Amino acid sequence: MAQVIVFTSGKGGVGKTTLCANVGFCLASLGKRVLLVDTDTGLRDLDVLLGVGDKVVYDICDVIYDKCEPSEALVSYGGATSDVGLFLISASQTKTQEDIPDDGIKRVCALFSDKFDYILLDCPAGIERGFKNVITAADIVIIVATPDIVSIRDAEKAVYEAERLSDAACYLAINKFSPSLAKEGAAASIENVVDFLNIDLIGVVPSDDEVIACNNKGYPFASKKDCFAAKGVENLSRRITGETVQLMDFEKKRGFLKKLFGK
């Protein structure tokens, strides 16, 4: 049965959706069958990040309300000939969170649980109804935070609510981490964030301009081997599968940049 993993944050703008899409790509590249489910009803972003927006016919609400066969809502990343086992169910742009029944997300996961190794749920921002419906379906909750005070404070509330509403294990993923800013004291260090939120760290993804470039072109930055952020996502994904992977050596990377650019 599929392991259901929720990506949430407490606030928007931390790269939660981008991280969800790229972890899905990495897991699929590792030979896993992966289903991404966009639960952010009223918006629709995962299909854009994967470059499959023109392939979406049915959405999650169509599945919940039996407007289609469940398999008809699946969009394959790369098409039928792709050897990457990555699929997407899109959110609805015309519905709201009030249109999703309390058990709607759970029912969608149950429909596909025996067909995938992992189901990754991209959770709506905030801690309201959408958050609650998604969290209760989770086996694992990954709280995404950036190393700034607003994100960390909101992530603390998300951790509290996730632990209150679910028995799922909670992990921390630090996104958009800048070693230079952390060294200068202008941003929180990895240790600061972990200590404040008091949950286990599952990965750190460094800040990288390539992320924005890939998002705008509609393909996962994790597919680029020369992307610094891609290595962080790959390591995080391998930890999800149970591998023991050391944290990236940010000191070594900073030294390399200093050698090249003098900073």
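## A walk from S180 to the α6–α8 pair

Start by selecting S180: with a relative accessible area of 35%, this serine is partly exposed, because anything from 20% up to 50% falls between buried and exposed. Keep in mind as you go that this is a predicted model. S180 is in helix α7, which covers residues 179-184. Now add E72 to the selection and draw a distance between the two C-alpha atoms: S180 and E72 are 108 residues apart along the chain, and the gap in space comes to 47 Å.

Next, go to S166. You'll find S166 in the loop that links α6 (149-165) to β7 (169-177). Is S166 buried or exposed? Its relative accessible area is 11%, so S166 is buried. Show the side chain and follow where it points: it reaches the backbone nitrogen of A168, at 2.9 Å. Then light up I135 and A138, which S166 contacts once you set aside its neighbours within four places in sequence.

From that loop, step back into α6 and bring up helix α8, residues 190-197. The two helices pack with their axes 10 Å apart, at an angle of about 30°. That makes α6 and α8 roughly parallel to each other, because the cut-off for that label is an angle under 35 degrees. Turn the view until one helix lies over the other, and you're looking at a right-handed crossing.

Which residues meet where α6 and α8 come together? On the α6 side, select I152, A155 and E156; on the α8 side, select V193, F196 and L197. Colour this contact by residue class and you get 5 nonpolar residues, 1 charged and no polar ones.

Now slide off the end of α8 to N198, in the loop that leads on to β8 (200-206). With 66% relative accessibility, N198 counts as exposed. Check the backbone here too: phi of N198 is near 60°, a positive value in a residue that isn't glycine. Most residues other than glycine have a negative phi.

For the last stop, jump to D66, in the loop between α3 (60-64) and β3 (75-76). What is the phi of D66 near? The value is near 55°, again positive in a residue other than glycine. D66 counts as exposed, at 66% relative accessibility.

Definitions and conventions
Residues numbered from 1 in each chain as written. Predicted model: local features only at pLDDT ≥ 70, side-chain atom pairs only at ≥ 80, totals over all residues. Heavy atoms only, no water. Helix = DSSP H or I, 4+ residues; strand = E, 2+ residues; numbered from the N terminus. Buried < 20%, exposed > 50% of the residue type's maximum accessible area, 1.4 Å probe, protein only. Polar contact = N/O pair within 3.5 Å; in protein donor to acceptor, adjacent residues only side chain to side chain. Contact = heavy atoms within 4.5 Å. Axes fitted to C-alpha atoms, helices over the stretch in contact; angles between N-to-C directions. Parallel < 35°, antiparallel > 145°, perpendicular 65-115°, else oblique. Left-handed = near helix turned anticlockwise from the far one by under 90°. Nonpolar A, V, L, I, M, F, W, Y, C, P; charged D, E, K, R; others polar.
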